[in-house]
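Trainee: I'm new to this one and would like a close look at a single part. Could you walk me through the second domain and how it sits against the rest?

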Amino acid sequence: MASKFFICYNDCKKGVNALLNVTDERKKESGEKAAEFIQNGMVIGLGSGSTVYWMLKKLGELVKQGLEIKGIPTSIRTEGWAKEFNIPLTDFSQVQNLDLAIDGADEVDPNFNLIKGGGGSLLREKLVDAQAKQLIIIVDESKMVKELGKFPLPVEVVPFGWEVTAQRIAKLGGTPNLRKGDGKVFISNNGNYILDCEFHYISNPEELHNQLKLLLGLVETGLFIGMTDTVIIGCEGEVKVIHKN
Ligand code: 5RP
């Protein structure tokens, strides 16, 4: 997981352009385009991931030019970046309804259903994204798929008894793998574990989400069903903005 943020980390420390590969360039274009949808006075859900990083960087520039907004971050990493770019932050104790959320995704299907959680922030992302009047998803074109499931589905589970929760997931046809990084178990921002579940293809995302949600020990799934209003896709030579019908 650490390598995913390599470009972003380096951007904070050195010049970035020489380091960008094609995918990163498309993430950058998509993230920067999303910032155009932010209007004065809005409360914004600030998603997570390397594509969101570029949106935050652009938003920081707009704030410097006088744009007045407040953001609620979906992860500790996003909170750090937002502070670095001087983006004013708030939280759910101050405001419960958001005008807009802008977030990344690991897969987007033709119905704009998503797999999220590659960075392990799916629970906070879902809490924030669900409170927004509008959700914009920013991706590079490699994330657009005909059917969800090639990307292993992240699910957040409580650490106690995760082994039996994993067995329950396996009975639904998935192969759960406990997420680790640097040889240690990955701990989410909420103190939970992430199981990356290989389903290979998910023919009915809503049904699978509902089945998983009934399992004891499972906190949330990385399936974001029917939440997305707009997808901004960084493609070769252009940035596509597609609104849900
Ligand atoms: C984190 C997420 C991210 O939004 C998703 O992994 C996309 O990340 P990136 O923009 O780095 O490809 O869901 O939990």
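**A close look at domain 2**

Mentor: Let's start with the spacing: the centres of domain 1 and domain 2, taken over C-alpha atoms, are 24 Å apart. Keep in mind that this is a predicted model. Domain 2 covers residues 153–222, while domain 1 is made of two pieces, 2–145 and 225–243.

Now look inside domain 2. You'll find an open sheet of four strands, ordered E8-E11-E7-E12, with antiparallel pairing. Strand E8 (175–178) and strand E12 (218–221) sit at the edges with a single partner strand each, so one side of each has no neighbour in the sheet. If you go from strand to neighbouring strand, the turn between them is 30 degrees on average, ignoring direction.

Zoom in on the pairing of E7 and E12. Strand E7 takes in residues 153–157, and three bridges join it to E12, with the two running antiparallel. One spot to find by eye is Val 157, which stands opposite Leu 218 in E12.

Next come the helices. Helix H6 (residues 162–171) packs on the sheet and touches E7, E8, E11 and E12. The direction of H6 makes about 25 degrees with that of E11, the strand at 193–198. Helix H7 (residues 205–213) lies across E7 and E12, and runs at about 165 degrees to E12.

With that picture in place, turn to where the domains meet. Domain 1 and domain 2 bury about 1300 Å² between them, and 60% of that is on carbon and sulfur atoms. On the domain 1 side, look for Leu 122, Leu 123 and Ile 225: they supply 38% of the area that domain 1 buries against domain 2, more than any other three residues.

There's a polar side to the story too. Between the domains the count is one salt bridge. Glu 220 forms a salt bridge with Lys 126, with their closest N and O atoms 2.9 Å apart. Glu 220 falls within edge strand E12 (218–221). Eight residue pairs are in polar contact between domain 1 and domain 2, counting pairs with both residues at pLDDT 80 or more.

Which elements of domain 1 should you pick out on the side that touches domain 2? Strand E5 (114–115) and helix H5 (122–130) each supply at least two residues there. Helix H5 gives the most to that side, with four residues.

Note on methods
Residues are numbered from 1 along each chain as its sequence is written. This is a predicted model: local features need pLDDT of at least 70, side-chain atom pairs count only at pLDDT 80 or more; totals for chains, interfaces and linings use all residues. Side-chain values use heavy atoms; hydrogens and water are left out. Two strands pair if DSSP finds at least two bridges between them. Axes are lines fitted to C-alpha atoms, for helices over the stretch in contact, and angles run from 0 to 180 degrees between N-to-C directions. Contact means heavy atoms within 4.5 Å. Domain bounds come from an automatic or database domain assignment. Buried area is the accessible area (1.4 Å probe) that two parts lose on being put together, summed over both. A salt bridge is a side-chain nitrogen of Lys or Arg within 4 Å of a carboxyl oxygen of Asp or Glu. A polar contact is a pair of N or O atoms within 3.5 Å; within protein, one must be able to donate a hydrogen and the other to accept it, and residues adjacent in sequence count only if both atoms are side-chain atoms.
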